[in-house]
Amino acid sequence: MAISFYKYQGTGNDFVMVDNRKHTFPAEDEALVKSLCDRRTGVGADGLILLQDHPDYDFEMVYYNADGRLGSMCGNGARCTVRFARQLGVIEDVACFLAADGEHQANVERDLIQLKMTDVKDVEQIGEDYYLNTGSPHYVRFVDDVEALDVYEEGQAIRYNERFKEGGTNVNFVQRLSDNEIFVRTYERGVEDETLSCGTGVTACALVASLKGMQSPIKVKVMGGELQVAFESNGEGGFKYIYLIGPAKQVFSGSIAAQIV
Ligand SMILES: N[C@@H](CCC[C@H](N)C(=O)O)C(=O)O
């Protein structure tokens, strides 16, 4: 069987995208998803996303991590799925869709996709670090020099900490660059390595930056480009009206045999 796919990327976070409106993709095949995401023997990606029909929404986004497992919310992947839906003619410039963490709205504005994230109820402080869920779980640590950091080593140490044994966490390292800009590097659960950008991670870091005195909107530099996060406090320690804004592009399309090594 040949699988038709599209490759998308949002600030360097890359995804195999499949139009699964006819439900032909064998999504239960974890090994297949993993092999398609493999950078040596497959297409190569940080995750795989299925775009599916849904009776109550413009579409449903189903996200798998590169390890083949069904994932939680993916902010960059969602922006790429909105662009994909636009290119398939499923939507025009506005979308209301379903993801793992619930309903999302999005707007397409030329090369930028503005995505509404789910509200964040609370932020837990752990020593000098923070832990919150922006659709996916994120640990956030502020550092003085994020470029000098070994994100793989330090990220893994936190990722596999006893505290996160149940389900694990993504790990973000943040440097404040100015009054309205931060630089974020992320170790991603399910990829088990640093990725060039993580949308839910960037969102988590911007919210934590506001607890440290920065104001919305916050510009976020990542290894793969630049994003922006806008939000409001809900007055009870959480956040509402959270928007993740940035580019999402199709890179190429193709087809690949399902039986790959
Ligand atoms: N890259 C994603 C986050 C993906 C989720 C993560 N790998 C997890 O398992 O939580 C993003 O852009 O948000």
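**Exercise 1. Decide whether Cys198 is buried or exposed, and list what surrounds Cys198.**

Step 1. Cys198 has a relative accessibility of 5% and therefore counts as buried, the term standing for under 20% relative accessible area, with exposed meaning over 50% and partly exposed the range in between (1.4 Å probe, protein chains only). The structure is a predicted model, in which local features need pLDDT of at least 70 and side-chain atom pairs count only at pLDDT 80 or more, while totals for chains, interfaces and linings use all residues. Residues are numbered from 1 along each chain as its sequence is written, and side-chain values use heavy atoms, with hydrogens and water left out.

Step 2. Cys198 sits in the loop between strand S13 (193–195) and helix H4 (199–211), where helices (H or I, at least four residues) and strands (E, at least two) are DSSP runs numbered from the N terminus.

Step 3. Not counting residues up to four places away in sequence, Cys198 touches Asn13, Asn76, His138, Thr186 and Glu188, a contact being heavy atoms within 4.5 Å.

**Exercise 2. Find which residues the UniProt annotation "active site" covers, and how they are arranged in space.**

Step 1. According to the unreviewed UniProt entry, the "active site" annotation covers Cys74 and Cys198; UniProt positions are given in the numbering used here, feature names are shortened, and annotations may be inferred rather than shown by experiment. These residues are spread over 125 residues of sequence, yet they cluster in space, the largest C-alpha distance being 7.7 Å.

Step 2. Both Cys74 and Cys198 belong to the lining of the largest cavity. On a 1 Å grid over the protein atoms alone, a cavity is a set of points where a 1.4 Å probe fits but cannot get out, and lining residues have an atom within 4 Å of a point.

Step 3. Cys74 lies in the loop between strand S4 (57–65) and helix H2 (75–88), and with a relative accessible area of 6% Cys74 is buried. Apart from its neighbours within four places in sequence, Cys74 is in contact with Asn13, Phe15, Met61, Tyr63 and Thr200.

**Exercise 3. Describe the surroundings of Asn13, with its polar contacts.**

Step 1. Asn13 is part of strand S2 and is buried at 1% relative accessibility.

Step 2. A polar contact of 3.0 Å links the side chains of Asn13 and Asn76, the term meaning a pair of N or O atoms within 3.5 Å, of which, within protein, one must be able to donate a hydrogen and the other to accept it, and residues adjacent in sequence count only if both atoms are side-chain atoms. A polar atom of the Asn13 side chain also lies 3.3 Å from the backbone oxygen of Ser197.

Step 3. Beyond four places in sequence, the contacts of Asn13 include Cys74, Glu188 and Cys198.

**Exercise 4. State how many residues surround the ligand, and which of its oxygen contacts can be listed.**

Step 1. The ligand is surrounded by 15 residues, the closest being Gly75, Asn170, Arg189, Gly199 and Thr200; a residue is near a molecule if one of its heavy atoms lies within 4 Å of it.

Step 2. A backbone N or O atom of Gly75 is 2.8 Å from an oxygen atom of the ligand, a backbone N or O atom of Asn76 is 3.0 Å from an oxygen atom of the ligand, and a polar side-chain atom of Asn170 is 2.6 Å from an oxygen atom of the ligand.

Step 3. Taken alone, the ligand exposes 360 Å², and the protein buries 100% of that, the accessible areas coming from the Shrake-Rupley method with a 1.4 Å probe.

**Exercise 5. Characterise Arg189 and Thr200, which the UniProt feature "binding site" includes.**

Step 1. The unreviewed UniProt entry places "binding site" at positions including Arg189 and Thr200, and the lining of the largest cavity takes in residues of this set, among them Arg189 and Thr200.

Step 2. Arg189 is found in the loop between strand S12 (181–188) and S13, and is buried at a relative accessible area of 16%. The side chain of Arg189 makes a polar contact of 3.0 Å with the side chain of Ser72.

Step 3. Thr200 is found in helix H4 and counts as buried at 2% relative accessibility, while a polar contact of 2.8 Å joins the side chains of Thr200 and His138.

Key
On a 1 Å grid over the protein atoms alone, a cavity is a set of points where a 1.4 Å probe fits but cannot get out, and a pocket is an open set with protein on both sides within 12 Å along at least five of seven lines; lining residues have an atom within 4 Å of a point.
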